[in-house]
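Hi there,

Here is the structure I promised to pass on to you. Have a look at it first, and then read my notes below.

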Amino acid sequence: MVYLAADHAGVTLKDALIVYLQQQQIPCSDLGTNTTDAVDYPDYAHRLCNTIAGTENRGVLICGTGIGMSIVANRLTDIRCAVALNPEMAYFARRHNNANVLALGARLIDAECAQHILDTFLSTEFEGGRHEARLAKIDYIGMVATLPAP
């Protein structure tokens with residue numbers, strides 16, 4: 001399942017991606033917003049991340065740049081969110097970082113580009129291997145306030 005959420009700046013792109021996913025027969029769920037009236041992006045990032053945390057589901061967060069959504073998402077346990085402006089960024093976010101949330105900037109990319117990025121994000125598998133130890137370090141650092149110098 002792919003969950004999508006956006007703020008007011010990203011709602012039009014979110015809606016276009018939902019139509020695209022439905023055309024591709026990929027199960028998806030809309031977590032809002034459904035208006036261009038101003039809303040607070042952290043509310044939607046939290047909603048999506050709390051929905052997918054601890055599952056195999058993926059998420060797509062959309063705001064003006066993708067940056068605000070990704071900052072919020074990456075503060076939450078079990079979430080690895082990556083901003084992608086092109087398919088290559090989405091590829092490496094999945095392949096090397098096992099990202100489970102994609103952040104898109106509606107003011108920076110168009111719907112066609114977003115579709116290509118999303119296709120890559122959904123079709124790329126995590127490579128594992130040497131990257132697993134690096135991800136373990138990220139999880140460990142997130143659990144402690146300070147680490148001894150290397």
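Which side chain meets Lys14 in a salt bridge with 2.9 Å from N to O, in strand β2? That partner is Asp30: the side chains of Lys14 and Asp30 form a salt bridge, with 2.9 Å from N to O. This pair joins distant parts of the chain, since Lys14 sits in helix α1 (residues 11-23) and Asp30 belongs to strand β2 (residues 28-30), 16 residues apart. Please keep in mind while you look that this is a predicted model.

Lys14 has another partner as well. Its side chain also meets that of Asp15 in a salt bridge, again with 2.9 Å from N to O. Lys14, Asp15 and Asp30 are thus linked in a network of salt bridges.

How accessible are these residues? Lys14 has a relative accessibility of 0%, so it counts as buried, because buried means under 20%. Asp15 has a relative accessible area of 35%, so it is partly exposed. Asp30 is partly exposed too, with a relative accessible area of 35%. Both values lie between the 20% limit for buried and the 50% limit for exposed, which means that neither label applies to these two.

Elsewhere in the chain, Glu127 forms a salt bridge with Arg130, and their closest N and O atoms are 4.0 Å apart. Glu127 counts as partly exposed, at 35% relative accessibility.

How many salt bridges are there in total? The count comes to four, and those described above are among them.

Happy exploring, and write back with any questions!

Note on methods. Residues numbered from 1 in each chain as written. Predicted model: local features only at pLDDT ≥ 70, side-chain atom pairs only at ≥ 80, totals over all residues. Heavy atoms only, no water. Buried < 20%, exposed > 50% of the residue type's maximum accessible area, 1.4 Å probe, protein only. Helix = DSSP H or I, 4+ residues; strand = E, 2+ residues; numbered from the N terminus.
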